[in-house]
Amino acid sequence: MGEKWVLMKTAQTPTNIAVIKYWGKRDETLILPVNDSISVTLDPAHLCTTTTVAVSPAFQQDRMWLNGKEISLSGGRYQNCLREIRKRAREVEDKERGIKIEKKDWEKLHLHIASYNNFPTAAGLASSAAGFACLVFALAKLMNVSEDESQLSAIARQGSGSACRSLFGGFVKWIMGKEDDGSDSLAVQLVDEKHWEDLFIIIAVVSSRQKETSSTSGMRESVETSSLLQHRAKEVVPKRTIQMEEAIQNRDFASFAKLACADSNQFHAVCLDTLPPIFYMNDTSHRQVLVYICWIISYVEKWNRSEGTPQVAYTFDAGPNAVLIARDRKAAAQLIQRLLFYFPPKSDTDLDSYLLGDKTILKDAGLKGLKDVEALSPPPENGSAQKYPGDVSYFICTRPGKGPILLSNDKLALLDPETGLPK
Ligand code: DP6
């Protein structure tokens, strides 16, 4: 194989937000969790990873570029994913170009990988979930792997636990499994993205800083020291998962919101129960973040009570960014009015760059520009009219979205088809 051909595939994969959280591993290397988890996949039009993978006899070594910068592939998690997917590679033939790769050739051939997130990597929005899912999915297509999405999820899981849930759209469950080899620890789709189309998801991005404690080390410390984590994994999550599945099947927003908020709060209670305590919601160099989080939580609770039935659910991952799920378009429009009233942009930011994603919600809320935001009257259910300009960096409005797709348009590839290097 002395030729110079380059064969490549490009895929796009969504990110996901857990509504029943994964926190704690029973096996660190295989990434096996202590409990099941459930997530909603976010629309890849607003938050996704695009990855191009290429193979060529001319490549000297496996190489990867993330957002244009070369990164090392020597870490165990990348190596595990590459090894597992290579094991499953099959014969590939491109008759038109006269290229044939035998199954055994894959062991000798090297790969080039380029990956790009359409959202800030450090924004704490599960970029590793979309990233590893996209890597595994794109390689499976390039290597003509016959395994289905669930089986691929068990490989993506070895890159980052939450990544296994990004192999599907809609609502997804990561079944913890029982086997020591992890073969039954994989993701399944509960319902697709069309099942509960009413939902709107608004993310308040507060901090774009890397978190002080990574999820990986944070959950290790929780497993070692928190008795609440043991109780949660054994007693709480098994029941809650069944209830959450039921709420999703029945599109029962009241139960969904109750369970999602309770689970987010319990996950952060486990963080506080860890020794030393982990303050994800209280970024130590941003004291006002704690005030903002408590404010969002108590405000949503107050608003839900005043409406008689929940309009919005909140959930926080390992960082201060609030993920707010509104029951329908009307509730989402009311939510964005309230959010923009209390957290308006700084005077030098325009509305277009302050609310990213699905901007149709602004029209529903009657907000064309900053003048309309300034003219908003205080929401009736809250006594205070105090505003906090600049506390939120920006909002993203999105919906439940579809799973990974292969992009057939070569123009969208991140690697040059001649050289296999980043464009
Ligand atoms: C709080 O999947 O990032 O977002 O498996 O160590 O890579 P590793 O951790 P990661 O943890 C995510 C934790 C979470 C909850 C969740 O997504 O379920």
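Student: What is the order of the open sheet of 5 strands, and what makes two strands count as a pair?

Tutor: The order is β15-β16-β14-β18-β17, and the pairing is mixed; strands here are DSSP runs of E with at least two residues, helices are runs of H or I with at least four, and both are numbered from the N terminus. Two strands are said to pair if DSSP finds at least two bridges between them, and β14 (residues 200-205) and β16 (residues 322-326) have 5 bridges in the antiparallel sense, so they count as a pair. Within that pairing, Phe 200 has Ala 326 of β16 as its bridge partner. This is a predicted model, in which local features need pLDDT of at least 70 and side-chain atom pairs count only at pLDDT 80 or more, whereas totals for chains, interfaces and linings use all residues. Residues are numbered from 1 along each chain as its sequence is written, and side-chain values use heavy atoms, with hydrogens and water left out.

Student: Why are β15 and β17 placed at the edges?

Tutor: β15 (312-316) and β17 (355-357) each have a single partner strand, so one side of each has no neighbour in the sheet. From one strand to the next, the twist averages 25 degrees.

Student: How do you know which strands helix α8 touches, and what is its direction relative to β14?

Tutor: Contact means heavy atoms within 4.5 Å, and helix α8 (residues 329-342) packs on the sheet by touching β14, β15, β16, β17 and β18 (394-398). Its direction makes about 15 degrees with that of β14, where axes are lines fitted to C-alpha atoms (for helices, over the stretch in contact) and angles between N-to-C directions run from 0 to 180 degrees. Helix α6 lies across β15 and β16, and runs at about 25 degrees to β15.

Student: What makes β8 and β19 the edge strands of the sheet of 6 strands?

Tutor: That open sheet has the order β8-β7-β11-β6-β1-β19, with mixed pairing, and β8 (69-71) and β19 (405-407) each pair on one side only. Inside the sheet, β1 (residues 7-14) and β6 (residues 48-56) run antiparallel and are joined by 8 bridges, with Thr 13 opposite Thr 49 in β6.

Student: Why is the bond from Leu 275 to Pro 276 singled out, and what is notable about phi of Ile 31?

Tutor: Most residues other than glycine have a negative phi, and most peptide bonds are trans. The bond from Leu 275 to Pro 276 is cis, with omega near -10 degrees, and Pro 276 lies in the loop between α6 (253-272) and α7 (287-307). Phi of Ile 31 is near 55 degrees, a positive value, and this residue lies in the loop between β3 (25-27) and β4 (32-33).

Student: How do you know which residues surround the ligand, and what makes the pair with Tyr 22 a polar contact?

Tutor: A residue counts as near if one of its heavy atoms lies within 4 Å of the ligand, and 17 residues surround it, with Tyr 22, Lys 25, Arg 77, Ser 160 and Ser 162 the closest. A polar contact with the ligand is a pair of N or O atoms within 3.5 Å; a side-chain N or O atom of Tyr 22 is 2.6 Å from a ligand oxygen, so the pair qualifies. For the side chain of Arg 77 the distance is 2.7 Å, and for a backbone N or O atom of Gly 161 it is 2.8 Å.

Notes
Polar contact = N/O pair within 3.5 Å; in protein donor to acceptor, adjacent residues only side chain to side chain.
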